[in-house]
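Reader: Hello! I have this chain open on my screen and would love a close look at a single part of it. Could you take me through one residue and its surroundings, with the cut-offs spelled out as you go?

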Amino acid sequence: MSKRFDIGDVVKVLDLGKSGHVRIPHYIRHKQGTIVQYCGRYLNPEDLAIGKTSGPAIDLYRVEFDQTTLWDEQEQAPQDRLIIEIYDHWLAPVNL
């Protein structure tokens with residue numbers, strides 16, 4: 001199976017409405033970022049957290065966000081970035 005995203009692709013973080021151990025902070029949901037690295041395929045940590053140790057491996061990406069788009073109420077330097085690892089099922093492509 002081939003990966004959906006390449007370095008430089010712009011993506012939007014979805015809000016899947018999941019609770020519990022999802023590893024997706026609320027402050028990046030619905031935000032756009034750029035793929036900066038493909039990390040490989042791993043078991044879903046959301047399943048592992050509840051004892052499900054089988055299932056398909058999922059692509060994991062490092063996604064970069066401009067911090068000025070994340071925290072409006074705080075002054076951010078324009079060059080500041082946040083890079084976070086996000087699994088494929090939390091991402092949607094953005095067509096610019």
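Author: Let's settle on Tyr61, which touches Lys3, Arg4, Phe5, Ile35, Gln37, Tyr38, Cys39, Ile84, Glu85, Ile86, Asp88 and Leu91, leaving out residues up to four places away in sequence; contact here means heavy atoms within 4.5 Å. Please keep in mind that this is a predicted model, in which local features need pLDDT of at least 70 and side-chain atom pairs count only at pLDDT 80 or more, while totals for chains, interfaces and linings use all residues. Residues are numbered from 1 along each chain as its sequence is written, and side-chain values use heavy atoms, with hydrogens and water left out.

Tyr61 sits in strand S3. Strands (E, at least two residues) and helices (H or I, at least four) are DSSP runs numbered from the N terminus. With a relative accessibility of 0%, Tyr61 counts as buried; the scale is under 20% relative accessible area for buried, over 50% for exposed and partly exposed in between, with a 1.4 Å probe and protein chains only.

Two of the residues that touch Tyr61 are also its partners in a ring cluster: ring pairs link Phe5, Tyr38 and Tyr61. Rings of Phe, Tyr and Trp (its six-membered ring) pair if their centres lie within 6.5 Å; planes under 30 degrees apart count as stacked, over 60 as edge-to-face and the rest as tilted. Tyr38 has a charged companion too, since Lys3 lies over the face of its ring, 5.4 Å from the ring centre. That label requires NZ of Lys or CZ of Arg within 6 Å of the ring centre and within 35 degrees of the ring normal. Arg4 meets Tyr61 in another way: the backbone nitrogen of Arg4 is 3.2 Å from a polar atom of the Tyr61 side chain.

Now for the strands around Tyr61. S3 (57-66) pairs with S2 in the antiparallel sense over eight bridges, and seven bridges join S3 to S4, again antiparallel. Two strands pair if DSSP finds at least two bridges between them. On the S2 side, Gly40 stands opposite Leu60 in S3; on the S4 side, Arg62 stands opposite Glu85. Tyr61 and Arg41 are 20 residues apart in sequence, and their C-alpha atoms are 9.2 Å apart in space.

Ile86, one of the residues that touch Tyr61, leads on to the nonpolar core. Beyond its neighbours within four places in sequence, Ile86 is in contact with Val13, Ile24, Ile28, Asp59, Leu60, Tyr61, Val63, Phe65 and Leu91. The largest nonpolar core has 17 residues, of which Val13, Ile28, Ile35, Val63, Phe65, Ile86 and Leu91 touch the most other members. The elements that give two or more residues to this core are S1, S3 and S4. Such a core is a set of buried Ala, Val, Leu, Ile, Met, Phe, Trp, Tyr and Cys residues joined through side-chain atoms within 4.5 Å.

Stepping back, the chain has one helix and five strands, in the order β-β-α-β-β-β along the sequence. Of its 96 residues, 35% count as buried. Residues 24 or more positions apart account for 62% of the contacts with a separation of 6 or more.

Note on methods:
A polar contact is a pair of N or O atoms within 3.5 Å; within protein, one must be able to donate a hydrogen and the other to accept it, and residues adjacent in sequence count only if both atoms are side-chain atoms.
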